[in-house]
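Visitor: I'd like a close look at one small part of this protein, and then a walk outward from there. Could you take me through it at bench-side pace?

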Amino acid sequence: MWTNSAPGVSEATPLTAANPPLVRPPSPRIINAPRFVRLATVTFFSLLLFLSGFTLLFFKNYYKVSSAPPNDNGVPAFTSFQRSTTSTSRFFNQNLLSSNFFSKRAFPTGSFWTNLVLAGPSNQVVVPPYAIKWDDDQSQANLQISYSAARRTHTARSVSDIFAPDFTFVFPGFKRSVEHFSALSVTLQFTLDTDSFVSFPVCKGSPFISANFKKTKPILSALTEISKFQPLEDPRFSIIEQDDARWLLVSDGSLTFELDDDRKTLSSKSEYSGFLRIAILPPGSNPNLLETLKHFSSVVPLGGRVNIEFGEDSQRMSFTFDTNTNQNDGSTNLLMLGHPHHSATVLNSKLDTTYITIKGNMTAILGETWSFPPITLTSDVQFRYETPSIFDDAAIDAADDAAIPIDALDVYGIGKQISRMAMIALNSKNDNQIDASCSKIKTALGFIFSDDYLVYDEVFGGVVTSSSLRDINADFGNSRYNDHHYHYGYIIHGFAALQTIDRPEDRDFVKRTLPFAHAIVSDVCSYDDTNPNYPVARMKDFFEGHSWASGGLFPQANGKSQESTSEAVNCYYSCSLFGQVNTDAKLVAFSTVLLALEIDSAKAYYQLEEMVGNLGASDATTSTWFGANELYTIGIQLLPISPMTRGLWGEDFGKKVWKLVKDRLGEVETTWQSLLLGLEAYDEGAVVGDLRGLNPDAFDAGNSLSNMLWFVRSLGVDVDVDVDVDEKQKNGDDNSALCAHHVKCKNLVGRCCPSLDNNFLECCT
């Protein structure tokens, strides 16, 4: 349940949290390509546009066209498309959902459990500290349980917790289904008939996997041989011992198991009605853990809700777990486990539980409600960079940057280019530069908001690109709900900039296209679960703190994953700006919560001794989708550069990373160098000269020289210093990173750089 108490709102509106994350297919993201490649791409897509009549004919035959759903203001927005059953069944198994699942709400494409309902082989769903899979092998449905941390593997660049079915619940002849879900849980059911079924309320953070049996014979199959099955003095408890593990089994005391001759199967000869719970005693755990689990085993979490109270100055968030207490002689307190970022903010029990996940050691937390401190941000969410008072707010010349065209056709590329122009329009002091930038933003937004570039997906409830409906690999899998917060964050930023600048000539356009902007904001940042068109916070996982980018309606072997936290931050930052300019207090408050959670999680799980490039539910790697160099990893967690970057990257961390990269910039392309050079400002380096020494096309599609200068000035660097780049090159200044960035070094690797008269400098050795 969300509890909304926004400024000016006199009553609290209950909302049920549908928790989602996000997604990415295996295609790499290309930040910058050579000019001939870009020209070829534009030519190719121009040809596609020429043939669009044929393509649209196919598109409209393949999908059913209907009226668009209203956006938050009740005004129709994007054209609506109904995916055909044939096309959907290729990747999605709707038969695994309860019959009324789609009746009143959009599908939570970013939720942690979506692997369960995708077509093809089963992939794991991570519910810390366990992972689960289910299957239907030869009419024998089953649920597999893995404590994957026991099989952790390491390489030079990654750590992975390997799934294996430690124990499997077996249900011969039963059908499986997802019954319902919340932000913190999913309920699975195995049904034989109306009188015989088993329900699994699977909650993140529970030390037990719990099953509620109704007139069904339990069958448990072990991965390895059971050396000893020992009922304890209290008939509710039994210990399962294996060579490498010990497990606690909890029932109501009436259940009797027999160990089969294979010593891998425990089965009951009689039907059972009641809860059956299983928990591992992790290797090396505290000797008191067994007694702790027994003491708290009577209280079963049935589901979890996220509550957010919107206030004037801060927001309050809490988790509430619904429970069932099946015995009266144990503790009536709920025992749960939290991640490191939970234990830093929630009062924990100090019990030593020794459960481990990819994020670290979990901490025991007692009680049905977790109350977090008021959520605030360390820096204000603002449109423009601040100029420190020690400097005159002199103009930074952005004339060259304002002349850069917006020529990308893919949703990610055009969004970044729009956002680049928005930075220029917002921060420039020159009216001509502002006008040029705003005009380009308006033209590009008009392109995106017309001719069915984006459409509303009626089946799943979201805004997707038409091109990705035709080709699932287009737009990084946008139609399968990969990367939506990355894609739309940039576009939302551009629209909010156009609104706040408020040129008279833009007002009619803004008024006409505002419903489209509302639609994409709702796609990634809806706070209202009474809105049937979009799930709440599609990409966010409130238990994990961060968002998920990969694995929406694509099967994901590691459960879910996200690469760029900084682009997730950019989305929620942009939604907050949109809320500000549209006086939507609830959107501002809600996006602030999403933003604060993303930043805290980025600092806890990405900004480590080695920067994490991709964090999965069951693994972490220091590489990226497109390259293994550590500088790529740092860069992908830095872009885009905006006024919010200071809140994401602290001064100490910025200094530390700059010392790591400053002598290695030549290892990566100039698009990455231009980003990383901004970190030099944290170390009082010659950043202004180094940036101005770059070629004009050395900047990422979402970045520019002027944007970098505004950023470093906000960090206290005087950008008006007169730097003679050519003279420094002639002198062969080995203390400057310019040697690797000279215009004639564009195709060279490392720090081997010719001077202007083609003599090699000392830094070439």
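Visitor: Which side chain is joined to that of S185 by a polar contact of 2.8 Å?

Guide: That partner is S182: the side chains of S185 and S182 make a 2.8 Å polar contact. Keep in mind as you look around that this is a predicted model. S185 belongs to strand β12, which covers residues 185-193. The S185 side chain also reaches a backbone atom, the nitrogen of G304, at 3.3 Å. S185 counts as buried because its relative accessible area is 3%, and the cut-off for buried is under 20%. Skip the residues up to four places away in sequence, and what S185 touches is F112, V202, C203, G303 and G304. So G304 turns up twice, once in that list and once through its backbone nitrogen.

Now for another serine, S177. This one sits in strand β11, residues 175-181. S177 has a relative accessibility of 12%, so it also counts as buried. Its side chain makes a polar contact with the side chain of E179, at 2.6 Å. If you leave out neighbours within four places in sequence, S177 is in contact with L96, W134, T187, L188 and Q189. T187, L188 and Q189 take us back to β12, given that this strand runs over residues 185-193.

Zoom out for a moment to see the setting. The protein has 20 helices and 33 strands, and 59% of its 765 residues count as buried. Among contacts with a separation of 6 or more, 68% are between residues 24 or more positions apart. The contacts of S185 with F112 and G303 are examples of partners well outside its own strand.

Next, the helices, starting with α7. Helix α7 (residues 411-427) packs on helix α10 (residues 484-501) at about 30 degrees, with the two axes 8 Å apart. That angle makes the pair roughly parallel. The crossing of α7 past α10 is left-handed. On the α7 side, the residues in the contact include V411, Y412, I418, M423 and L426, and on the α10 side they include Y486, Y488, Y490, I491 and I501. By class, this contact has 13 nonpolar, six polar and one charged residues.

Helix α10 has another partner, α8 (residues 431-448), and here the axes come within 10 Å and cross at roughly 130 degrees. α8 and α10 are therefore oblique to each other, and this crossing is left-handed too. α8 brings I434, C438, I441, K442, L445 and I448 to the contact, while α10 brings I491, G494, F495, L498 and I501. Those residues divide into nine nonpolar, one polar and one charged. I491, G494 and I501 of α10 meet α7 and also take part in the contact with α8.

Before leaving α7, look at N427 in that helix. Its relative accessibility is 7%, so N427 counts as buried. The N427 side chain reaches back to the backbone oxygen of M423, at 2.9 Å. Setting aside neighbours within four places in sequence, N427 is in contact with R384, Y385 and W710. E386 is 41 residues from N427 in sequence, and their C-alpha atoms are 9.5 Å apart.

W710 leads on to helix α19, residues 705-714, where nine of the 10 residues are buried. W710 is one of those buried residues, as are M708, L709, F711 and R713. The buried residues of α19 pack against α6, α7, α15, α17 and α18, so α7 comes up again, and W710 touches N427 in that very helix. After α19 comes G716, with a positive phi near 100 degrees.

One last helix pair makes a good contrast in angle. Helix α12 (residues 565-581) and helix α13 (residues 585-605) pack at about 160 degrees, with axes 8 Å apart. They are therefore roughly antiparallel. The contact includes Y572, Y573 and F578 from α12, and L587, L594 and I599 from α13. Its residues divide into 12 nonpolar, six polar and one charged.

Definitions and conventions. Residues numbered from 1 in each chain as written. Predicted model: local features only at pLDDT ≥ 70, side-chain atom pairs only at ≥ 80, totals over all residues. Heavy atoms only, no water. Axes fitted to C-alpha atoms, helices over the stretch in contact; angles between N-to-C directions. Helix = DSSP H or I, 4+ residues; strand = E, 2+ residues; numbered from the N terminus. Parallel < 35°, antiparallel > 145°, perpendicular 65-115°, else oblique. Left-handed = near helix turned anticlockwise from the far one by under 90°. Contact = heavy atoms within 4.5 Å. Nonpolar A, V, L, I, M, F, W, Y, C, P; charged D, E, K, R; others polar. Buried < 20%, exposed > 50% of the residue type's maximum accessible area, 1.4 Å probe, protein only. Polar contact = N/O pair within 3.5 Å; in protein donor to acceptor, adjacent residues only side chain to side chain.
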